[in-house]
Amino acid sequence: MKKLYIPTTTLNFNNVLSSESISPKSFYEKRGFGYSRWMTIPENPFDNCIVLYDYIGNVVRPKSELEDHPLLIEVELDENMVKSVGDGMYMCDHTIYLTPTSTRFLFFSDLNLKITYSMSESSLETKLWGIYHKKIEILQNVGEPYKIINVDDLSLNTDAIKSDIKINKLKGLLYGYFIGKLLSMSIDDVKCLNAYKEIHNIFAAILSSFSKQPTVAQDERLEELFSYINGQTPFYQKLSVIVDNENVRKQVLNLIRETYGEVRDEVNKTHYLSYLRSNNEENENTAISWIKSKILDSEKGKGKYGLSTIGLDDLIVVDGLLHSVKGDFLSAEVEDTILKTWINSTLLKNEYNGRISTYREVLATDITKETKSVCGDELWGKSTYKTRLNNLRHFIAGDNVELEWGKDFISALSAVVLYGENWEKLLSFMQSKEITDYGLAFALYGELHGFSNLTRDFTDVLYSQPDRGSLWNVYREIYGQLLGEKLPDLINIEKEGDTESLLQKDSETVKMETIKEKVDPIMNEFFGSDEFTGLGVAANWYKKELMSLSYIDADDFLSQMKKLGKKKDAPKSTKRKWDKCVKFFGKAISESSKNQAKEEPLLFDVYKEFPIGDSFYCDVNIMIHIEKFLPEDSSIRNQFKEDLEWFQNNYKESYYDKKKGKQEIGLYKSRNKENAAVIDNFGNYCSNKVNLDVENPKMKYLSDRYRKIDIQKIIDFLKKEYKVNV
Amino acid sequence: MAKKDWMVIESELDEDQIRVLMATNDKSLIVSGCAGSGKSVLALIKAQRIQKEKGNNYKVIVFTKALCRYMNSGRESLGLRNDFYYHYEWKKCNRPSADYIIVDEIQDFDRNEIQEFISATNRNFFFFGDTAQSIYEGLKRTLPVEEINYMLTNRAKVFNLYRNYRLPRPVAKVVQYVGVDLEGFDIDTYKSRENAIPRFLKIQGLESQISSIARMIKNGSVSDVGILVQRNEDVRKVHELLNSFGVNHELKYDDKTNWHNNINNLDFSTENPKVMTYHSAKGLQFGTVFLPNVVSQQDDSGRKALYVAMTRTYRNLIIMYSDDLPYPLSKIPQDLYKKTERDQVEDI
C-alpha cells in the first residue's frame with residue numbers, strides 16, 4: 001500500500017463527503033447521480049483521471065470571490081491501482097473509495113478548515129463528518145509547491161463509471177437497510193405515536209377553525225384517542241391487572257378525580273380543548289406545544305432494535321449483486337427470487353435515480369412486468385402478486401382501490417413507490433399503517449436514491465448511534481460487501497503498532513485524540529487495582545476478554561466493558577464485582593479526559609465556536625463561558641443552567657416553561673434590557689437564592705447549591721465580557 | 001417548515017446559486033432572484049455562515065412581521081442565535097448597527113430605508129430580493145433591486161438567480177396562458193423534475209367537487225394539500241363541506257371588515273389540508289393544489305390572482321369547474337392538461 005496525496009480545492013469538499021469517494025472530473029458529469037460538478041486546479045487538471053503525488057507539497061489557490069482554498073486528500077492505495085508517471089506523480093482513471101482508516105483531509109490553515117466546516121453545515125448531502133472528523137487535520141509544515149504534471153490525460157474509463165453507478169445504489173441499499181432497522185418500532189409505540197399525531201391534526205384543525213370547537217366527529221375521535229393514551233399509563237395498566245371489571249375501574253378513577261382533582265399522568269381532553277379556545281397567534285398554542293412535545297418524545301429512542309442486534313448478514317451483496325436476504329417479509333421461495341430481481345435488475349437501472357414521484361408509474365409497471373416474468377404465466381395468473389401490483393398501478397393512476405398493508409415485501413415496495421420521495425414521509429406513512437419493521441422499505445428507498453443522494457438527517461440515524469463498536473462493524477461490513485476488502489479491527493491496528501493507524505498521531509499534523517494512549521495506561525493501572533484483583537480466579541477470563549475488545553474510542557470501550565459481565569460464559573457470581581470494576585475504570589477514563597482536554601488542542605475552540613453575543617438577556621452561548629466558574633458538582637451546574645435559562649426567558653414576551661408544560665408571560669419583559677441593568681438583576685436573582693429560607697427543605701436545597709457558587713466572580717466576568725463599566 | 005427545507009441539496013444547485021452560496025463574506029452582495037429561486041434559504045445560510053465564522057455580530061431584517069415569523073422557522077432550524085427584526089421593529093430599536101446586515105425582500109424598501117441599512121452596516125451587507133415581486137407598487141416608491149448599486153461608492157457584488165426550482169414544467173406551460181404581462185416563456189428557466197400533467201376536471205357544483213377532493217385526501221393519493229378558492233365566503237363554504245365529509249383541515253382567513261375574525265395559524269407540521277383564498281396563498285407552496293369552483297377571470301387582477309394560486313404547487317395541480325371551462329383556462333391548448341381524474345391502466 002502506498003500513501004498518496006490528491007491536491008484539490010475546498011470547493012470539492014462537500015462533494016467528496018456526499019459520496020465518500022473521489023472520481024475523475026468527467027465521471028461526475030456522466031454518471032447521472034450526485035454532484036455533476038468537480039472543480040479542477042492546475043495540480044490536478046485532467047478530465048479523465050485523478051493526479052496523485054507521493055509527497056506532501058504546497059498548494060496555493062488564487063485570490064477569489066469564492067471560498068476556494070487548498071485541500072490535500074491523503075489516501076492509501078495499492079500501487080497497482082495507479083499509474084506512475086515519474087517525479088512522484090501518479091494517475092488514476094477510476095473512482096477512489098475512501099475509508100477513515102486510509103484517508104486524511106489535510107487543510108492548510110485553521111481558517112480554511114473552519115470555513116469549509118461552516119459551508120458543509122448547510123449542505124444536506126454532506127454526511128460523514130462524524131466518521132471522518134478525527135481524520136481532518138491542519139498541516140503544520142508544508143513543503144515545496146507541487147510540480148505540475150506534464151503528460152496527456154488518459155482515456156475515459158466507462159466501465160469504472162458503470163461500476164460507480166452500481167456501488168452507489170447498493171451502498172444506498174445497505175445503508176437504507178440498517179437505518180430502516182434502527183427506525184423500526186414496537187407495535188405499542190407505533191400505536192401511541194399514531195394517536196398523538198392524530199390528536200395533533202385534530203387540535204390544529206380546531207385551532208384554525210372559526211368556532212375553535214371540535215365538530216361532533218372530532219370530539220368523539222378525541223375521546224377515543226385520549227382513552228387509548230390514558231390506558232397506556234403505568235397506573236391504568238396496574239389498575240387493569242387488579243380490577244378486571246371496566247365499570248368498577250371507571251368508578252375507582254372517578255373517585256380519585258373527585259377526591260384529588262386528577263389522576264396522576266392522566267391527560268385530560270377538556271383541559272387541552274380549553275387551551276385551543278384561548279388562542280394568541282403571537283405564540284404557539286399551549287395545547288399544540290404539548291402535543292408536539294409528546295410526538296417528539298414518542299419518536300425519540302423508541303428503536304425496536306439496537307445496532308448490535310441487527311444481523312450484519314441480513315442482506316449480503318457479492319460482486320455488485322444482492323446474493324442473499326433474510327427476513328420475515330418473504331413467505332415463499334419465489335418471493336426471494338422476485339425480491340432479488342427487483343434489487344439486482346429493476347431498481348439498479350440508472351433511470352431510477354432519486355425523485356421517485358417523477359417516475360413512479362413507469363417504475364410500478366416495470367416492477368409488475370419483472371415479477372410476472374419471474375413467476376411465469378401460470379403462477380402469475382393465480383397469485384396475489386398480480387392483484388396487488390396491478391392495484392398499486394391503478395392507485396397511482398388515480399383509481400379508488402384499497403391497497404393491502406402488512407410486513408411483506410410488496411407492502412414495503414408499494415410504500416416506497418408511493419411515498420419514498422422523502423424518508424420522513426415514508427416512515428410516517430408506514431407508521432400510520434401500523435407497520436413496525438422498516439428495514440426492507442428503507443433498503444429499497446436507499447437503492448432508488450443512491451448513497452450519494454441520501455441526506456444527512458437520514459444517515460445520522462446510523463452515524464449518531466452511541467454504540468461506536470457496532471457502528472464500526474456495520475461500516476466495515478458494508479465496505480467489505482461492496483468493495484470486497486476487509487477493513488481492519490481498530491484495536492488490531494493499534495496492537496500491531498501500525499504507524500498509519502486510524503487514531504495515530506502524526507508529527508506533521510495536529511490530532512485531536514489518541515485512544516491507545518488514553519486507554520492503555522489506565523488498563524495497566526486497572527489490572528493492578530484492588531477492584532480487579534478482587535475478581536480472584538475470574539480475573540484471567542476478564543483480562544483475556546478485555547484484551548480482545550475492538551473499540552473506537554474510550555466511551556465505546558467502556559460500553560463494551562459493561563457488557564462483559566452479562567456475557568453467557570462470564571464467570572458466575574462476579575456481576576457485582578465486575579460492575580464495581582467498570583465504575584472504577586469509568587472514573588479513571590473521565591479523570592484522564594479532563595486532564596487531556598487541557599493539554600490537547602481541539603479541532604474547534606469551543607469558545608470561538610460559541611462566541612459571546614451582544615446582549616446578555618438573550619445570549620444562549622453565555623452558559624458555555626460561565627461553566628468554568630462553577631463547581632464540578634453536576635447538580636449545581638444543572639441547577640445554575642436551568643435558572644439562567646429561566647432568567648433569560650423571562651425577558652421575552654412569553655416563553656414555554658418546560659417544568660409547567662405551558663406558555664408563560666415573561667416576568668421581566670418590560671424591564672430595561674441594557675446589559676448593565678440585566679446583569680445587576682441577575683446578580684440580585686442569584687444572591688436571593690443564597691439567602692433563601694433554609695427552614696423549607698426545597699429552599700434549603702437551592703440555597704446550599706448557590707452558596708457553593710462564586711457569584712461575584714461570574715458577575716464580574718459578565719460585566720467585563722459585555723463591556724459594562726464597573 | 002422542516003429543518004431540511006432551510007438547507008440545500010447542493011448537488012442540485014445551478015452555477016448561479018453555487019456562486020452565491022460559495023461567495024466570500026468579505027464583500028457586500030446584492031442577490032436578485034426570481035420566485036422559487038431559493039433566495040430566502042440562501043439569505044439564512046449566509047447568516048449561518050457568518051455566525052459560524054465571524055460570530056454573532058449580524059442582523060437579519062425583513063419587511064413584514066408575517067415574513068419575519070416565516071423566516072423565524074428557518075432561524076430555529078439552522079440554529080441562528082440572533083433574533084430577527086421586521087422593519088418597523090428595527091426602526092423602533094433605533095436602527096441597531098452590526099458588522100453584517102442581511103435583508104430579505106429588499107424590493108419592498110425605498111431608497112431612504114435602504115440607505116439606513118447601508119449606514120447601519122459596519123462591514124458588509126447582503127441584500128436579497130426580486131423587483132418583480134414588489135408588493136407595494138403604487139403605494140410607496142420602492143427601489144428596484146438593480147438600482148441599489150448606484151447608491152454606493154464601493155459597488156457591491158451582484159448575483160442574479162434566473163431559475164425557478166419550484167414550479168413543475170407542465171404547470172409552467174399552462175400558467176403562461178393565465179398570467180398577465182409575463183416575460184417570454186423559456187422552458188429552461190424551470191428546473192424542477194416533477195412531471196405531473198395538470199388536471200382540469202368538470203365536476204358539477206362545489207359540493208361534488210369537495211366530495212371528490214375529500215375522497216382523494218382520505219385514500220392517501222395526495223398529500224401536502226392546499227385548497228385555494230377565490231373569495232373569503234368560499235373559504236367558509238369549503239370549511240363546512242370538509243367538516244361534513246369528516247376531513248380535518250386548517251384555514252387561513254383574512255376578514256377585511258373585522259380583523260377579529262382573522263385566522264392565521266397554519267401548522268405546517270400536520271397533514272391537514274390548508275384552505276385559503278388565492279391572495280392568502282402568496283408565498284406558500286403545496287405538493288397538491290386543488291382549485292375548486294374556478295370561474296372566469298376577465299380582468300387583470302382576477303387573472304393575476306388565479307396565476308398566483310396555480311403557481312403554488314410543486315407537484316400536482318387539479319382545477320375543478322362546473323359547466324364550461326372558464327376563461328382564461330379555455331385559451332390553454334388541450335394537450336397541456338388532462339380532463340379526467342384518473343389515467344387508464346390496463347392490467348398486466
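## Chains A and B: questions and answers

Q: In which sense do strand β8 (residues 225-229) and strand β11 (residues 274-277) of chain B pair, parallel or antiparallel?
A: This is a predicted model. Strands of a sheet pair through backbone hydrogen bonds, in one of two senses. Between β8(B) and β11(B) there are 4 bridges, and the sense is parallel.

Q: Which residue of β11(B) is the bridge partner of Val229(B)?
A: β8(B) covers residues 225-229, and β11(B) covers residues 274-277. Across this pair, Val229(B) is matched with Thr277(B).

Q: Which strands of chain B stand at the edges of the sheet that holds β8 and β11, and why is one side of each left without a neighbour?
A: The sheet is open, has 7 strands and mixed pairing, and runs β7-β13-β12-β8-β11-β9-β10 in chain B. An edge strand has a single partner, so one of its sides has no neighbour in the sheet. The strands in that position are β7 (199-202) and β10 (263-264) of chain B.

Q: What are the edge strands of the open sheet of 6 strands in chain B?
A: Its order is β3-β2-β4-β5-β1-β6 in chain B, and the pairing is parallel. Each edge strand pairs on one side only. They are β3 (85-86) and β6 of chain B.

Q: In β4(B), which residue is the bridge partner of Val60(B)?
A: Strand β2 (residues 58-62) and strand β4 (residues 98-104) of chain B are joined by 4 bridges in the parallel sense. Within this pairing, Val60(B) has as its partner Ile102(B).

Q: How many bridges join β1(B) to strand β6 (residues 157-161) of chain B?
A: β1(B) runs parallel to strand β5 (residues 121-129) of chain B, with 4 bridges, and Ile30(B) stands opposite Phe127(B) there. Towards β6(B), Ser32(B) faces Asn160(B). That pairing is also parallel, and its number of bridges is 5.

Q: How many residues of strand β1 (residues 29-33) of chain B are buried?
A: Take the two faces in turn. Leu29(B), Val31(B) and Gly33(B) are buried on one side. Ile30(B) and Ser32(B) are buried on the other. Out of 5 residues in the strand, the buried count is 5.

Q: What radius of gyration does chain B have, and why does it agree with a compact globule?
A: The C-alpha trace of chain B spans about 65 × 45 × 40 Å along its principal axes. A compact globule of 348 residues would come near 20 Å, so the value for chain B agrees. That value is 21 Å.

Q: What share of the contacts in chain B with a separation of 6 or more comes from residues 24 or more positions apart?
A: Chain B has 9 helices and 13 strands. Of its 348 residues, 44% are buried. The share of contacts from residues 24 or more positions apart is 78%.

Q: Which helix of chain A gives the most residues to the largest nonpolar core?
A: This core has 65 residues, and Val416(A), Leu426(A), Ala441(A) and Leu444(A) touch the most other members. The top contributor gives 10 residues. It is helix α5 (residues 158-183) of chain A.

Q: Beyond four places in sequence, which residues does Val416(A) touch?
A: Val416(A) belongs to the largest nonpolar core. Residues up to four places away are not counted here. The rest are Leu426(A), Ala441(A), Leu444(A), Tyr445(A) and Leu448(A).

Q: How many residues of α19(A) are buried, and why is it largely enclosed?
A: Helix α19 (residues 468-483) of chain A reaches 22 Å from its first C-alpha to its last, close to the 22 Å expected. Gly484(A) follows, with a positive phi near 70 degrees. The helix has 16 residues, and most are buried, so the rest of the structure largely encloses it. The buried count is 13.

Q: Which element of chain A has the lowest mean pLDDT?
A: Chain A averages a pLDDT of 85, and 90% of its residues score at least 70. Helix α17 (residues 439-449) has the highest mean among the elements, 98. Over residues 493-515 of chain A, pLDDT stays under 50. The lowest mean, 50, belongs to helix α20 (residues 490-495) of chain A.

Q: Which element supplies the largest share of the side of chain B that touches chain A?
A: The contact takes 50 residues from chain B and 52 from chain A. Elements of chain B that supply at least two residues include α1 (15-22), α8 (232-244) and β9 (250-253). The largest share is 5 residues, and it comes from α2(B).

Key: Residues are numbered from 1 along each chain as its sequence is written. Chains are lettered from A and ligands numbered from 1 in the order in which they are written. This is a predicted model: local features need pLDDT of at least 70, side-chain atom pairs count only at pLDDT 80 or more; totals for chains, interfaces and linings use all residues. Two strands pair if DSSP finds at least two bridges between them. A nonpolar core is a set of buried Ala, Val, Leu, Ile, Met, Phe, Trp, Tyr and Cys residues joined through C-beta atoms within 7 Å. A residue is buried if 20 or more other C-beta atoms lie within 10 Å of its own, exposed if 12 or fewer, and partly exposed in between; C-beta atoms are placed from the backbone. Two residues are in contact if their C-beta atoms, placed from the backbone, lie within 7 Å. The radius of gyration is taken over C-alpha atoms; the globule rule is 2.2 Å times the number of residues to the power 0.38. The expected span of a helix is 1.5 Å times one less than its number of residues. pLDDT is the predictor's confidence in each residue, from 0 to 100.
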